[in-house]
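Reader: Hi! Could you take me to one part of this fold, stay with it long enough that I can follow how its pieces fit together, and then show me what lies elsewhere in the chain?

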Amino acid sequence: MRPTARLLVLALASFVVSAVAMALGEGARAIAPWLWLPLMGALGADLALSLGRPVSLAATAPDEVFTGQTVTLMLTPSHRPPGLTARFDWPEGLSGPADARLDQGPSTAVPMTGRRRGKWTVEALWLSWTSRLGLIEFVPRLALDLTIAAVPDIRPVQSGAIDVKVRSTLFGVKENFARGEGSEFHQLRDFMQGMDTRSIDWKHSARHLQLVAKEMRAERNHHVIVALDNGYLMRAEVGGLPKIDHAVNAALVTAWAAGVGGDLVGLYAYDERPRLFVPPEPGRLAFARLRARTAELSYRGVETNHTLAMASLVARTPRRSLVIVFSDFVDATSAELMVENMAAIARRHVLVFVAIRDPAVERLATAEPGDVDAMATAVAAGGLMAERRLVMEKLSRLGIVVIDAAPGQVSARVVSTYLDLKAREAA
């Protein structure tokens with residue numbers, strides 16, 4: 001309990017009146033203590049009216065929340081005294097409002113957003129309400145012990161959007177492209193006017209006494225390795241999430257797309273040294289395993305050793321594979337060593353380099369400066385963007401496919417690139 005502003009004002013008024021009475025002389029001094037009786041009586045009555053029953057609270061929330069997703073925490077108080085408010089102490093991986101009013105209805109929905117992967121516990125919250133006469137504020141601490149797991153976002157997979165995109169590209173409207181320029185035999189079919197004469201199988205045509213053509217399709221069972229740089233640069237927050245979480249979400253979407261496309265998917269995570277390697281596996285089994293391993297991937301605050309990481313990856317993947325590297329850099333100077341190691345791995349594998357750009361830097365570079373400080377900020381931001389473009393161009397000249405996308409576009413860009421490479425059988 002603690003006094004409210006009303007009680008403090010009344011106590012100050014009683015003190016002032018008592019002080020004046022004490023200053024008036026012996027007769028008034030005798031009644032000065034009695035001037036506090038009304039306030040004490042009101043305080044006692046307020047306590048008697050307000051201490052009838054304590055407020056308890058029932059809290060319900062989903063067991064899991066996707067990173068970047070907002071879910072609802074439902075709070076239901078046993079009763080609702082006027083002005084009932086809850087104040088939250090959110091853990092690092094969750095965020096929400098600082099406080100919420102609980103006296104507006106039987107239950108109150110509080111929005112809660114996942115910000116970091118891991119298991120997070122909302123241990124307690126503070127309730128606050130005033131007494132019947134408004135002289136006292138009750139502030140009990142209620143234990144919740146509500147554990148919520150923040151996991152990688154797989155909503156694009158659950159919605160079926162990735163299945164539709166992959167199947168329509170490889171087996172639907174664009175199937176002719178994948179088959180016509182593929183290297184894997186699919187079937188024989190009657191030769192029709194307009195078909196490429198080079199597809200005619202002369203031996204089978206002679207056997208069947210009619211022209212028969214070979215139908216080819218894109219080869220399946222490629223190896224796709226998703227490599228995640230988990231160094232300190234990937235902890236930088238863009239679009240409400242660390243870059244590593246955007247990378248993990250895009251990696252899982254790509255893993256699902258590759259599984260639907262008939263390829264084998266593996267995972268590689270590294271920082272100052274290799275941390276995790278999951279060999280390529282087919283289908284949904286690979287996706288479930290990758291989802292579990294990425295959910296356990298911790299946040300690291302160390303500098304990435306690209307030399308050791310890429311050398312280890314080359315040693316672990318003797319077969320030519322499609323390697324998708326999610327990484328980042330600060331400037332052209334710090335990226336030199338990274339570029340050298342990317343060039344080394346690109347000589348053996350098909351390499352896709354994925355970086356997540358910060359929209360805030362673009363806004364600073366393109367904003368109209370209002371003063372000298374804003375102009376200096378715009379020039380610095382423009383310089384960073386120019387250096388970033390130079391590094392991306394250098395990677396492209398080395399034969400590396402480069403994706404530099406905003407946070408909300410990473411997954412779609414990576415999946416589209418994968419489908420394009422698969423259709424061209426680049427891996």
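**Around a buried lysine and a mixed sheet**

Author: K243 has a relative accessible area of 10%, and therefore counts as buried. Please keep in mind as we go that this is a predicted model. K243 has its place in helix α8. Leaving aside residues up to four places away in sequence, K243 touches L233, M234, A236, V238, D328 and I356. The last of these contacts, I356, leads us to strand β20, which covers residues 350-356.

Let us follow that strand into its sheet. The sheet is open and has six strands, in the order β18-β17-β14-β19-β20-β21, and the pairing is mixed. At the edges stand β18 (274-282) and β21 (401-405); each has a single partner strand, so one side of each is left without a neighbour in the sheet. Direction ignored, neighbouring strands here are turned by 15° against each other on average. At the β21 end, β20 and β21 run parallel and are joined by five bridges. If you would like a pair of residues to look for there, V352 has V401 of β21 as its bridge partner.

Now for the helix that lies against this sheet. Helix α9 (residues 283-295) packs on it and touches β14 (223-229), β17 (264-270) and β18. The direction of α9 makes about 165° with that of β18. Does the length of α9 agree with what its residue count predicts, or disagree? With 13 residues at 1.5 Å a residue, the helix should span 18 Å, and its end C-alpha atoms are 19 Å apart, which agrees.

The two sides of α9 are worth separating. Its buried residues are A286, F287, L290 and T294. These cover an arc of only 100° around the axis, so they sit on the same side of α9. The general background is simple: an α-helix has 3.6 residues a turn, so residues three or four places apart point the same way. On the other side of α9, R284 and L285 are exposed. And what covers the buried residues? The cover includes α4 (155-158), β14, α8 (243-260), β17 and β18. So we are back at α8, the helix that holds K243.

Two of the strands that α9 touches, β17 and β18, also take us to some aromatic rings. Y268, Y270 and F277 form one aromatic cluster. Within this cluster, Y268 and F277 make an edge-to-face pair, with 6.2 Å centre to centre and 70° between the planes. Planes over 60 degrees apart count as edge-to-face, and the 70° of this pair fits that. Y268 has 0% relative accessibility, and therefore counts as buried.

With that part in view, here is what lies elsewhere. Begin with helix α1 (residues 5-24), where 20 residues reach 29 Å from the first C-alpha to the last, close to the 28 Å expected at 1.5 Å a residue. L7, S14, S18 and A21 are its buried residues. Seen down the axis of α1, these fall within an arc of 60°, so they line one face of the helix. The face turned away from that buried side carries exposed residues, among them L8, V9, L12 and F15.

Next comes strand β9 (residues 118-130), which pairs with several others. Strand β5 (residues 85-88) runs antiparallel to β9 and is joined to it by four bridges; here A86 stands opposite L127. Strand β11 (residues 141-151) is also antiparallel to β9, with eight bridges between them, and in this pairing W126 has R141 as its bridge partner. With strand β10 (residues 136-138), β9 pairs in the antiparallel sense over two bridges, one example of partners being T130 and E137. β9 and β10 form a hairpin with five residues between them, and G134 in the turn has a positive phi of about 75°.

Finally, there is an open sheet of four strands, in the order β2-β4-β8-β6, with antiparallel pairing. Its edge strands are β2 (57-60) and β6 (94-95), each of which pairs on one side only. Two bridges join β6 to strand β8 (residues 108-114), and L94 stands opposite G114 there.

Definitions and conventions
Residues numbered from 1 in each chain as written. Predicted model: local features only at pLDDT ≥ 70, side-chain atom pairs only at ≥ 80, totals over all residues. Heavy atoms only, no water. Expected span 1.5 Å × (residues − 1). Buried < 20%, exposed > 50% of the residue type's maximum accessible area, 1.4 Å probe, protein only. Arc of directions from axis to C-beta. Pairing = 2+ DSSP bridges. Axes fitted to C-alpha atoms, helices over the stretch in contact; angles between N-to-C directions. Contact = heavy atoms within 4.5 Å. Phe/Tyr/Trp six-rings, centres within 6.5 Å; stacked < 30°, edge-to-face > 60°.
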